[in-house]
Amino acid sequence: MAIKVVVAEDNYLVREALIQLLETAPALELVSVAEDTDSLTRAIEQESPDVVLTDVFMPPFSGADGVHVAAHLRESHTEIGVVILSQYAEPGYAIELFESGSGGRAYLLKERVGNRAELVAAIEAVASGGSVVDPKIVDELIAERSRASDSLVSHLTTREREVLAEVATGKSNSAIADSLFLTKRAVEKHINAIFMKLNLRESEDVSRRVKATLIYLTDEAGGEPPAPAA
């Protein structure tokens with residue numbers, strides 16, 4: 001039996017290209033075409049497709065709408081595969097798509113639309129519970145990991161990171177020593193090593209502590225900054 005596919009794409013030209021591509025693929029049956037999230041939701045309920053092929057952004061543009069639909073389907077229609085198409089090689093959306101499981105999910109760049117065999121293969125893969133990630137997304141993820149490994153903070157030892165985390169809360173050396181069960185002298189040595197590794201050599205100690213804190217918080221981006229110590 002042919003794989004039943006629902007397409008959701010708000011861009012007219014891309015939508016027409018997808019329609020022509022899918023209608024000429026013998027293994028697929030295009031059962032509905034949607035232009036926004038609401039019509040996509042209705043099409044899913046009415047057609048019970050095997051696969052949803054959707055743009056990552058869809059009206060009403062409340063974020064990564066296609067990814068949100070995929071997350072909802074993971075709970076309401078576990079048997080439906082989802083292929084996300086994106087114009088941008090943004091790893092964050094791919095990670096969000098796969099965070100609840102990779103089975104039956106694919107993330108491709110829109111440039112793949114020009115390659116029918118590649119797109120059909122992705123649809124077939126998710127229909128059977130497989131997963132596909134665009135090679136460019138993989139390249140971006142590897143690049144991000146490489147950039148992270150090159151951060152200054154990554155060169156600190158575990159103990160130095162612990163000390164820096166305490167510095168970032170605004171604690172004095174004595175307070176850090178008490179918190180980490182170290183001598184005050186040991187804390188001073190760790191802080192001097194931290195300043196050297198973060199290239200904070202020529203400045204007043206207070207200024208270096210502030211700069212070290214900023215570097216630490218930047219490296220920890222995505223989390224809440226530590227609250228200042230009382």
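Buried here means under 20% relative accessible area. Keep that cut-off in mind, because glutamate 160 falls below it: its relative accessible area is 6%, so it is buried. We will come back to that residue. One caution before we go on: this is a predicted model.

Let me start with the whole chain. It has 230 residues, and 39% of them are buried. The secondary structure comes to ten helices and six strands. Now take the contacts with a separation of 6 or more. Of these, 63% are between residues 24 or more positions apart.

Now the first stop, helix H4. It runs over residues 91–98. Which of its residues are buried? They are Pro91, Ala94, Leu97 and Phe98. Seen down the axis of H4, these buried residues fall within an arc of 120°, so they line one face of the helix. There is a general point behind that pattern. An α-helix has 3.6 residues a turn, so residues three or four places apart point the same way.

What caps the N-terminal end of H4? Glutamate 90 does. One of its side-chain oxygens sits 2.9 Å from the backbone nitrogen of glycine 92. A little before that comes glutamine 87, in the loop between strand E4, residues 81–86, and H4. Buried or exposed? Glutamine 87 is exposed, at 59% relative accessible area. In sequence, glutamine 87 is 21 residues from leucine 108. In space, their C-alpha atoms are 8.8 Å apart.

H4 has a partner, helix H3, residues 65–76. The two pack at an angle of about 10°, and their axes are 9 Å apart. That makes H3 roughly parallel to H4. On the H3 side, the residues are Val67, His68 and Ala70. They meet Tyr93, Glu96 and Leu97 of H4. By class, this contact has four nonpolar residues, one polar and one charged. Note Leu97: it is one of the buried residues of H4, and it takes part in the contact with H3.

Next, the loop ahead of H3. Two backbone details sit here. Some background first. Most residues other than glycine have a negative phi, and most peptide bonds are trans. Now look at the peptide bond from proline 59 to proline 60. It is cis, with omega near 15°. Proline 60 is in the loop between strand E3, residues 51–55, and H3. Phenylalanine 61 is in the loop between E3 and H3 as well. Its phi is positive, about 55°, although it is not a glycine.

Now back to glutamate 160. Where is it? In helix H7, residues 158–168. A polar atom of its side chain lies 2.9 Å from the backbone nitrogen of threonine 157. Leaving out residues up to four places away in sequence, glutamate 160 touches His190, Ala193, Ile194 and Lys197.

Those four contacts lead us to helix H9, where they take part in the packing against H7. H7 and H9 pack at an angle of about 95°, with axes 10 Å apart. That makes H7 roughly perpendicular to H9. From H7 come Arg159, Glu160, Val163, Leu164 and Val167. From H9 come His190, Ile191, Ala193, Ile194 and Lys197. By class, the contact has six nonpolar, one polar and three charged residues.

H7 also holds glutamate 166. At 14% relative accessibility, glutamate 166 counts as buried. Its side chain makes a polar contact of 2.7 Å with the side chain of lysine 171. Beyond its neighbours within four places in sequence, glutamate 166 is in contact with Lys171, Ile176, Ser179 and Leu180.

Last stop: the stretch from H9 to H10. Asparagine 199 lies in the loop between H9, residues 184–197, and H10. It is a residue other than glycine with a positive phi, near 60°. Alanine 212 is in helix H10, residues 205–219. How far apart are alanine 212 and asparagine 199? They are 13 residues apart in sequence and 9.4 Å apart in space, C-alpha to C-alpha.

Alanine 212 is buried, with a relative accessible area of 0%. Not counting residues up to four places away in sequence, it touches Leu164, Phe195, Leu198 and Leu200. Leu164 should sound familiar: it is one of the H7 residues in the contact with H9.

Note on methods
Residues numbered from 1 in each chain as written. Predicted model: local features only at pLDDT ≥ 70, side-chain atom pairs only at ≥ 80, totals over all residues. Heavy atoms only, no water. Buried < 20%, exposed > 50% of the residue type's maximum accessible area, 1.4 Å probe, protein only. Arc of directions from axis to C-beta. Polar contact = N/O pair within 3.5 Å; in protein donor to acceptor, adjacent residues only side chain to side chain. Contact = heavy atoms within 4.5 Å. Axes fitted to C-alpha atoms, helices over the stretch in contact; angles between N-to-C directions. Parallel < 35°, antiparallel > 145°, perpendicular 65-115°, else oblique. Nonpolar A, V, L, I, M, F, W, Y, C, P; charged D, E, K, R; others polar.
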